[in-house]
Amino acid sequence: MNKNNNSKKVSKKNNNFLWIFIIFVIIFFSIYLFLPSINNGKTIPISTMIKDLKDNKIKSLTIYQTYADATLSNNTKVTSNLGSPTSPTSIFTSNGVDLSKYNNITISQNPTLSTSDIITILFILVIVASTWYTIRQFRTMGGGGGGIFSMGESKAKLFIGSKQSIRFDGIAGLSGAKEEVVEIVDFLKNPKKYSSLGARIPKGVLLVGPPGTGKTLLAKAIAGESGVPFFSTSGSEFEEMLVGAGASRVRDLFSKARKASPSIIFIDEIDAVARKRGYSINSSHTEQTLNQILVEMDGFDTTINVIVIAATNRPDVLDSALLRPGRFDRTIVLGLPDIEERKNILKLHSKNKPIDSSLDFDKIARRTIGFSGADLENVLNEAAILTAKRNKTVITEDEIEEAATKVVMGPARDSVRTDQEKRIVSYHEAGHALVSKFLPESDPVHRISIVPRGLSGGATMYLPTQDNNLYTKTKFKTMITHMFGGRAAEKIVFDDITNGASDDIKKASQMARKMVTEFGMSDTIGPIEFGVEEDSSYYGNGEKNYSEKTSAIIDQEVSTILNDAYNKALKILKDNKKILDAIASKLIQDEVIEGDEFNKIVDSMLNGSEA
Ligand code: ATP
């Protein structure tokens, strides 16, 4: 493979030399064409020319600044160098020639290029250069360097397995997924061990999971561990404006992988080309591309040691033909990391960074619930940048905290706010925090901030004590109640409401509707799923599977859940108005209150009032 790459480089160099040569030839040719006529005759000594002139053997003579051109009586053209005389005619007069006697002599300047000649030459150069550039563009479009006709060549990047630096120990967590692929690595390393037993190893492995959960990383680690060539491409790279280009790229990719076998083909975002067939949203050549992938995978027999690894975060849209045994017959799901995995990912990515030795990785892992591996890596990177900006040499919890907030909510932004707006935001956030404090199922408050970030004017963050995969009905109701804490605080304090609660209302409404229609959590309606018909649901325009009458009952149930929660939030805040005022004032003054401080204020005021 390296040899191939080298020979490609050499031929590319040769091509460049060829083009430079052609351009030079054209320049010379142009100059030659546009120079005033040049004698081109034989060079003779000036003494011979003077003798010929005296002997009347010269038909015509032109004397330039530094040379003289003559046409002899027999029409032969000759030229002589004059050296650098003070005047071009001096050499003739000093040799006894009276030029005035001859009417066939012209005295002229050395020929030079006129402005129009230069413009014409430049024009030719521009045409040549743009033709050259256009041809190169066509080559690049083809991707493979073979001109427009190479549209069908695969653009897959080839990584040599043994040079692949990523190994399993470069992946934190994902132990289940790693175990699943160990045998694939073994198969690629020792194909004979399996083929001698007639074993058929999966032809395709589908990695499914949300963005940034390490799908590409795992595929690269398989290549790194097994030391085989790794052809990496993405579903969208098969798409091309030329119909059929996608399919021929698939053919080309598989044929290259077969030649290099044992090898791995990695197709990221396979959903771009492998969507369910038959839907109008698919163009016909997307379907051709998918068909070609299916054909190629069917073409593998047990002697061809090529494994196709594909990644997607939309397994629901994939064509079922792709998932049947013999094609992608193994599916590995990579979920968002749990608390232990987050801790390990953070530790792994902080290895090359100066981290404060007292940093509590457990706390950061708890605080980053819902973060993917890529998010965590990004948090550490942002923290390192922030540390440098602050001219510090060690990354502390403070920078990591700031970076984690930035990754979720965007950077803090300067925003001109009136005092009244600042008060409203402070009461809004204080309302969220205080309501959650009085709900036993709620997660502890981690931080309250009224620093505007992204689209939000402030935020209340929570620190879950553990990762939750199962949510109870009480937990959902709790979450909806503290989502309404902001709106309830505005109503109580200002006796008016703002649009600042729109996102809370949206999320609360979605949650309540899911409780009723998906999770069967409505006492009135019972455990029934309400939605759209299975086969038409994909494009969101399917038929509802429930009646208009049921629809009204669902709406009523959703409304009851939401209003109950809102009223509960109102009651909590009315009962604790003094604490709400204290938290809001502190926020107006400091902009940020950490969880510990918040708890201290609330607890001391509660104890004080109890006392
Ligand atoms: P996408 O679906 O967006 O293509 P992906 O699932 O393929 O995402 P990767 O590209 O593999 O995600 O991961 C992005 C980065 O996140 C990696 O380069 C790595 O730095 C980090 N990362 C993700 N998961 C892990 C993990 N388990 N251990 C260590 N690093 C991880």
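Start by selecting Arg167, which sits in the loop between β6 (157-159) and α5 (175-189). As you look around, keep in mind that this is a predicted model. Is Arg167 buried, partly exposed or exposed? With a relative accessibility of 29%, Arg167 counts as partly exposed. Now add Leu218 to your selection. Arg167 and Leu218 are 51 residues apart in sequence, yet their C-alpha atoms are 8.4 Å apart in space.

**Next stop: the ligand**

Select the ligand and the 19 residues around it. Which of these come nearest? They are Ala172, Gly212, Lys215, Thr216 and His349. Colour the shell by residue type and you should find eight nonpolar residues, eight polar ones and three charged ones.

Now zoom in on the backbone. A backbone N or O atom of Gly212 is 2.9 Å from an oxygen atom of the ligand. Leu217 also has a backbone N or O atom 2.9 Å from a ligand oxygen. At Gly214, a polar backbone atom lies 3.2 Å from an oxygen atom of the ligand. How much of the ligand does the protein bury? On its own the ligand would expose 630 Å², and the protein buries 78% of that.

Switch to a cartoon view to see where the shell comes from. Three helices, α7 (215-226), α11 (339-349) and α13 (373-389), each supply at least two of its residues. Then colour by domain. Why can we say that the ligand lies between domain 3 (157-333) and domain 4 (339-409)? Both domains give residues to the shell around the ligand, so the ligand lies between them.

**A closer look at His349**

Click on His349, one of the residues that come nearest to the ligand. His349 belongs to helix α11 and is partly exposed, with a relative accessible area of 27%. Add Glu377 as well: 28 residues separate it from His349 in sequence, and the two C-alpha atoms are 6.1 Å apart.

**On to Thr396**

Select Thr396, in the loop between α13 and α14 (397-409). Is Thr396 buried or exposed? Its relative accessible area is 18%, so Thr396 is buried, since buried means under 20%. Show the side chains here and pick out Glu399: a polar contact of 2.5 Å joins the side chains of Thr396 and Glu399.

**Two backbone surprises**

Most residues other than glycine have a negative phi. With that in mind, visit two glutamates. Glu269, in the loop between β9 (263-268) and α9 (284-298), has a positive phi near 45 degrees. Glu269 is partly exposed, with a relative accessible area of 41%.

Then jump to Glu591, in the loop between α20 (577-590) and β14 (592-594). Its phi is also positive, at about 70 degrees, although Glu591 is not a glycine. Glu591 is partly exposed too, at 28% relative accessible area.

**Last stop: the largest nonpolar core**

In soluble globular proteins, nonpolar side chains tend to be buried together. To see a case here, select Ile448, Ile480, Phe484, Leu573, Ile583 and Phe598, which touch the most other members of the largest nonpolar core, a set of 45 residues. Several elements each supply at least two residues of this core, among them α15 (419-437), β12 (445-449), α16 (473-483) and α21 (595-610). Which helix gives the largest share? Colour α19 (548-575) to find out: the largest share, 10 residues, comes from α19.

Notes: Residues numbered from 1 in each chain as written. Predicted model: local features only at pLDDT ≥ 70, side-chain atom pairs only at ≥ 80, totals over all residues. Heavy atoms only, no water. Near = heavy atom within 4 Å. Polar contact = N/O pair within 3.5 Å; in protein donor to acceptor, adjacent residues only side chain to side chain. Areas by Shrake-Rupley, 256 points an atom, 1.4 Å probe, with all protein chains shown as cover. Helix = DSSP H or I, 4+ residues; strand = E, 2+ residues; numbered from the N terminus. Nonpolar A, V, L, I, M, F, W, Y, C, P; charged D, E, K, R; others polar. Domains from an automatic or database assignment. Buried < 20%, exposed > 50% of the residue type's maximum accessible area, 1.4 Å probe, protein only. Core = buried A, V, L, I, M, F, W, Y, C linked by side-chain atoms within 4.5 Å.
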